[in-house]
Amino acid sequence: MSEQTQEPGSSAPRRVVVAGAGMAGVQTAVALREQGFTGTVSLIGAEPHQPYDRPPLSKAVLLGKAEGSAFDVDFEALGIELRLGCEVRGLRPGDHELDTEDGPVPYDVLVVATGAEPIRLPGAEGVPGVHLLRTLDDAERLRPVLARRQDIVVVGAGWIGAEFATAAREAGCAVTVVEAAERPLTGALPAEVAAPMAGWYADAGAVLRTHARVERVERGTVVLDDGSRLPAGAVVVGIGARPATAWLSGSGVELGTHGEIVADQHLRASAPDVYAVGDCASFPSGRYGERLLVHHWDNALQGPRTVAVNIVGRASGETPAVYDPVPYFWSEQFGRFVQYAGHHAAADTTLWRGDPAGPAWTVCWLRGDRLVALLAVGRPRDLAQGRRLIESGTPMNPALLADPARPLKAATA
């Protein structure tokens, strides 16, 4: 990645433009004010709604327990200009201009926070009754489907598929989840860890069909590659998401193998005066020795603080802050609270705390004697203590760690 031409001691930016009005974009704008930035802050969002939080969409909004999830931010009081219902179209770094459907927008510093967009099921576009679940409008279209208790087929047994299936079962719908892989959460968790989760579907009254590929979707029916025909008043597709960066094509901003913006350890993109944060950007982790692309809420909350500090501090020549978090996410599914912290790819030891057939258990991953990741099901104290132990790099005693009755903080070497 090319080095940016942002010199310490350069003049302070007068205008910061944030592209994307989700969690990462909103938190960047707010953090700039908290850091004392007094210039213009413009927040540009493609959706017409007031900026909102996404996690409640998969349950509270779907089930009619909340009308929306707008952020509790007084943008006017903070002097943050909102430009909503305005889609970004392109970027010309040499001109320091962002192209939007409303025309060019000049910037001194640009923060790209356009997030991710769901992957669509090939051949299903335009078929009545096929839904995604990413936006407030998506959730509002699905809410009456759940209220009518229609038969629902969920394509994909990942995090979002499980959360939607949970809400649909709570609403009284018949739910079948089809997954092309041999188990839920393939790619996210090792086989031995994801395997116990397969039983959660049946416990909740949902049908999970693995090794099941969708051949085509017809109105009211999902046809699998083995010839099975599944009745479907609605089809909800949850097969993943990709960074929403297609609009950067031709801009010269370096993109990675997944289409994400390749940011450096300070969350700067390859173009001068451009930062990238949240689901649309990867960053190098010194802690884990590899580049991470994290599509979770906590990353969109934490990254903006680093961006704001670096934007405000660069004019005074301050050493840029490094972004190297312990990734964290949670999921509420089938009556269980699942939390994960860290990154287990380079672990050499896996330890279990508790019985995975029971309601509460934890999996710990070690590299040498250091805890690098853990997954906690119904054990929030394990998660809280484990996250701190990962951050501190404290040596662990594996024999003590495997005892579920012993607090994690008391299992150090």
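Start by selecting strand β2, residues 40-45, where five of the six residues are buried, so that the strand is mostly covered. Keep in mind as you look around that this is a predicted model.

**Stop 1: β2 and its partners**

Keep β2 on screen and add strand β1, residues 15-19. These two strands pair in the parallel sense, over five bridges. To see one of those contacts up close, pick A19: its bridge partner in β2 is I44. Now show helix α1, residues 23-34, as well. Together β1, α1 and β2 make a right-handed β-α-β unit.

Next, bring in strand β3, residues 80-84. β2 pairs with β3 too, again in the parallel sense and over five bridges. Which residue of β3 does L43 stand opposite? Select L82 and you have found it.

**Stop 2: helix α5 and its two faces**

Move on to helix α5, residues 191-203. Colour V193, A194, M197, W200 and Y201, which are the buried residues of this helix. Why do they end up on the same side of α5? They cover an arc of only 100° around the axis, and that puts them together on one side. A general rule helps here: an α-helix has 3.6 residues a turn, so residues three or four places apart point the same way.

Then rotate the view to the face turned away from the buried side. There you will meet the exposed residues A202 and D203. Just after the helix, stop at G205, which takes a positive phi of about 85°.

**Stop 3: the nonpolar cores**

Time to look inside. In soluble globular proteins, nonpolar side chains tend to be buried together. In this model, the largest nonpolar core has 93 residues, and those touching the most other members are L146, I152, F164, L189, W365 and L375.

Select I152 for a closer look. Leaving aside neighbours within four places in sequence, I152 is in contact with several residues, including V145, L146, F164, A168 and C173. Others on the list of contacts of I152 include A174, V175, T176, A234 and V236. Apart from this large core lies another one, of 21 residues; to find it, select V88, V253, A271 and A276, which are among its members.

**Stop 4: aromatic rings**

How many aromatic pairs does a search of the whole structure find? There are eight. Begin with W159 and F329. Their ring centres are 4.9 Å apart and their planes stand at 70°, so this pair is edge-to-face. W159 lies in helix α4 (residues 159-170) and F329 in strand β22 (residues 328-333), so the pair ties together parts that are 170 residues apart in sequence. Are these two residues buried or exposed? W159 counts as buried, at 16% relative accessibility, and F329 is buried too, with a relative accessible area of 10%.

Now select Y340 and W365. This aromatic pair is tilted, with 6.0 Å from centre to centre and 55° between the planes. Y340 sits in strand β23 (residues 336-342) and W365 in strand β25 (residues 361-367), so here the pair links distant parts of the chain, 25 residues apart. Both Y340 and W365 are buried. Show all four residues at once: W159, F329, Y340 and W365 form one aromatic cluster.

**Stop 5: two loop residues with positive phi**

Two loops are worth a visit. In the loop between α3 (136-147) and β10 (152-155), select R149. R149 has a positive phi of about 55° although it is not a glycine. The other is F334, in the loop between β22 and β23. Its phi is near 50°, again a positive value in a residue other than glycine. Compare their surroundings: R149 is exposed, with a relative accessible area of 58%, whereas F334 is buried, with a relative accessible area of 9%.

**Stop 6: a three-stranded sheet**

Finish with an open sheet of three strands, in the order β18-β20-β21 and with mixed pairing. β18 (261-262) and β21 (290-293) stand at the edges, each with a single partner strand, so one side of each is left without a neighbour in the sheet. Zoom in on β18 and β20 (residues 281-285), which pair in the parallel sense over two bridges. As a last pick, select I261 and then A281, its bridge partner in β20.

Key: Residues numbered from 1 in each chain as written. Predicted model: local features only at pLDDT ≥ 70, side-chain atom pairs only at ≥ 80, totals over all residues. Heavy atoms only, no water. Pairing = 2+ DSSP bridges. Helix = DSSP H or I, 4+ residues; strand = E, 2+ residues; numbered from the N terminus. Buried < 20%, exposed > 50% of the residue type's maximum accessible area, 1.4 Å probe, protein only. Arc of directions from axis to C-beta. Core = buried A, V, L, I, M, F, W, Y, C linked by side-chain atoms within 4.5 Å. Contact = heavy atoms within 4.5 Å. Phe/Tyr/Trp six-rings, centres within 6.5 Å; stacked < 30°, edge-to-face > 60°. Right-handed = clockwise from strand over helix to strand, strands pointing away.
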